[in-house]
Each structure stands twice: as C-alpha cells, then as structure tokens.
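Open the model in your viewer and keep the selection panel at hand. Each stop below says what to select and what is there.

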Amino acid sequence: MAEELERPGAEQWVPESGGIAALRRAAPGCRGCELWEPATQVVFSSGSAHARIVMVGEEPGDAEDLAGEPFVGPAGKLLRRAIEEAGIAMEEVYLTNAIKHFSFVQRGKRRIHRKPDLAQMVACRPWLEAELRYVDPDLTVLLGASAARQVLGPGIKVTQQRGQVLTRETTLGERRFIPTVHPSSILRARERRHDAYAAFVADLKVVAKAV
Ligand code: SF4
C-alpha cells in the first residue's frame, strides 16, 4: 500500500488541454513517482508538435538530465546521425521518452542508468499518451523494449519485430508503429557496432519509406 501511495501516477499533473506546450509547462511539477526527486530536472521532449514521426526512447540519461533535453548524450548523437543517414529530416521528428526523469544509481561521482521498474513505467504513461494524442503522428518509432512495451504492451518482441510496420487499434483509432533497438544498445555492441548501426539505419529507412 505504501508503495502505491508513493507512486500516484502522473495523471493528475497532465493538463487536459493546451497541447504539447501545456504538457511541457506542467511536466516539471509532476510527482507521479519518486524519480523526480534525485533528478536534476524533468526531460520532456524536443521537436515539433506537428511532426509526422514520433520517436520514443526509454528514459533520459545523465547528459539529458543535466541539459533538460532528450537525446543529447552519446546515444542521442548516434540516433541523430542515423536519422540523417536514413533520409529523415529532423524537422519531421518529435523526440521523447517513456519516462521523463532520469533513473539512476549513484556510484561515487558517477550516476549509473537504472532501468525503470514496471510501476514507474505505469506511473509515467499518461504523459506519453497525451503526447501521442496531441502530436498524432503518421508513425511512432519505439526505440528499445521498454518504449515498445510502454506503448504496445508486454507481448511485443523487439528482436523479432524490429523494422516492421505494426498496425494497432488505439484510443485514437488505427495507428502505425515501428519497433527497433535503442541507440544505446549500438554503443554497447563493441566489435559488432558497425553491423548493429547498419541494421538500425536500415530500420529507420523503413520509417522514411512509410511516411
Ligand atoms: S518519471 Fe514520470 S511519473 Fe515519475 S515524477 Fe517523472 S514525470 Fe512524473
């Protein structure tokens, strides 16, 4: 019970109108779960509210937490390079995360990424739902298993379904999604990095073709 009280969920902080600008203004006040407290600031989203493509990652990392902007660290730089190589204009992309605060463990001076747990994912979901409602993209790209599960549920298998256009019935009607890996997994691939990056760009080329 105490656990539930600590994670009331974001719903009461999500404004019912006002579009993406209102969400961005309201998000710093969210106390939907405990992740706001050790984080530097909320990291909401970047890009146009009228973008045709929404890309959803897992959560901000150390660099994003400090900058207050999503995808500005090493994985974000790799993502931006891959987007360009795939032939997608950055102006067409709205970047966000399933979780809006950095989840980490402090080890000495370093802050190590900690995977958000299911309760935190559920708590934060109303923000992403509102973003998808307002942007209403032609296509939503799910970067990694956490984002894919947040949007499509636990049955999604990113390794098997990556690069495929999946059509799903949502509260907004039929919508299209493409799951792929999170760019941070490419940075961790070490000697397979070149192949992993090429496969990622190939997935994004499917995105470019589909919009
Ligand atoms: S992680 Fe999400 S639900 Fe938790 S405090 Fe931050 S914005 Fe709110």
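The tour goes from the ligand to the sheet, then to a separate hairpin and two helix pairs.

**Before selecting**

This is a predicted model: local features need pLDDT of at least 70, side-chain atom pairs count only at pLDDT 80 or more, and totals for chains, interfaces and linings use all residues. Residues are numbered from 1 along each chain as its sequence is written. Helices (H or I, at least four residues) and strands (E, at least two) are DSSP runs, numbered from the N terminus.

**Stop 1: the ligand**

Select the ligand and the 15 residues around it. A residue belongs here if its C-beta atom, placed from the backbone, lies within 6 Å of the molecule. Which of these residues come nearest? They are Cys 30, Gly 32, Cys 33, His 101 and Cys 124. By class, the shell has 11 nonpolar, two polar and two charged residues. Here Ala, Val, Leu, Ile, Met, Phe, Trp, Tyr, Cys and Pro count as nonpolar, Asp, Glu, Lys and Arg as charged, and the others, Gly among them, as polar.

**Stop 2: the sheet**

Next, show the open sheet of six strands, whose order is 1-3-2-6-8-7 with mixed pairing. Two strands pair if DSSP finds at least two bridges between them. At the edges are strand 1 (45-46) and strand 7 (166-170), each pairing on one side only.

Select strand 7 with strand 8 (residues 173-180): the two pair in the antiparallel sense over five bridges. They form a hairpin with two residues between them. Thr 170 stands opposite Gly 173 of strand 8, and Thr 167 stands opposite Arg 176.

Now add helix 6 (residues 145-152), which packs on the sheet and touches strand 2 (53-57), strand 6 (139-143), strand 7 and strand 8. Touching takes C-beta atoms, placed from the backbone, within 7 Å. The direction of helix 6 makes about 135 degrees with that of strand 6. Axes are lines fitted to C-alpha atoms, for helices over the stretch in contact, and angles run from 0 to 180 degrees between N-to-C directions.

Strand 6 runs parallel to strand 8, joined to it by four bridges. Label Val 141 and, opposite it in strand 8, Ile 178.

**Stop 3: a second hairpin**

Select strand 4 (residues 104-107) and strand 5 (residues 110-113), which run antiparallel and are joined by four bridges. Gln 106 has Arg 111 as its bridge partner in strand 5. Two residues lie between the strands of this hairpin, and Gly 108 in the turn has a positive phi of about 60 degrees.

**Stop 4: helix 2 and helix 5**

Show helix 2 (residues 19-26) and helix 5 (residues 118-135), whose axes come within 9 Å and cross at roughly 155 degrees. Helix 2 is therefore roughly antiparallel to helix 5; angles over 145 degrees count as roughly antiparallel, under 35 as roughly parallel, 65 to 115 as roughly perpendicular and the rest as oblique. Gly 19, Ile 20 and Leu 23 of helix 2 meet Trp 127, Ala 130, Glu 131, Tyr 134 and Val 135 of helix 5. This contact has six nonpolar, one polar and one charged residues.

**Stop 5: helix 4 and helix 9**

Finally, select helix 4 (residues 74-85) and helix 9 (residues 193-210), which pack at about 55 degrees with axes 9 Å apart. The two helices are therefore oblique to each other. Ala 82, Ile 83 and Glu 85 of helix 4 make the contact with Tyr 197, Phe 200, Val 201 and Leu 204 of helix 9.

Methods:
Contact = placed C-beta atoms within 7 Å.
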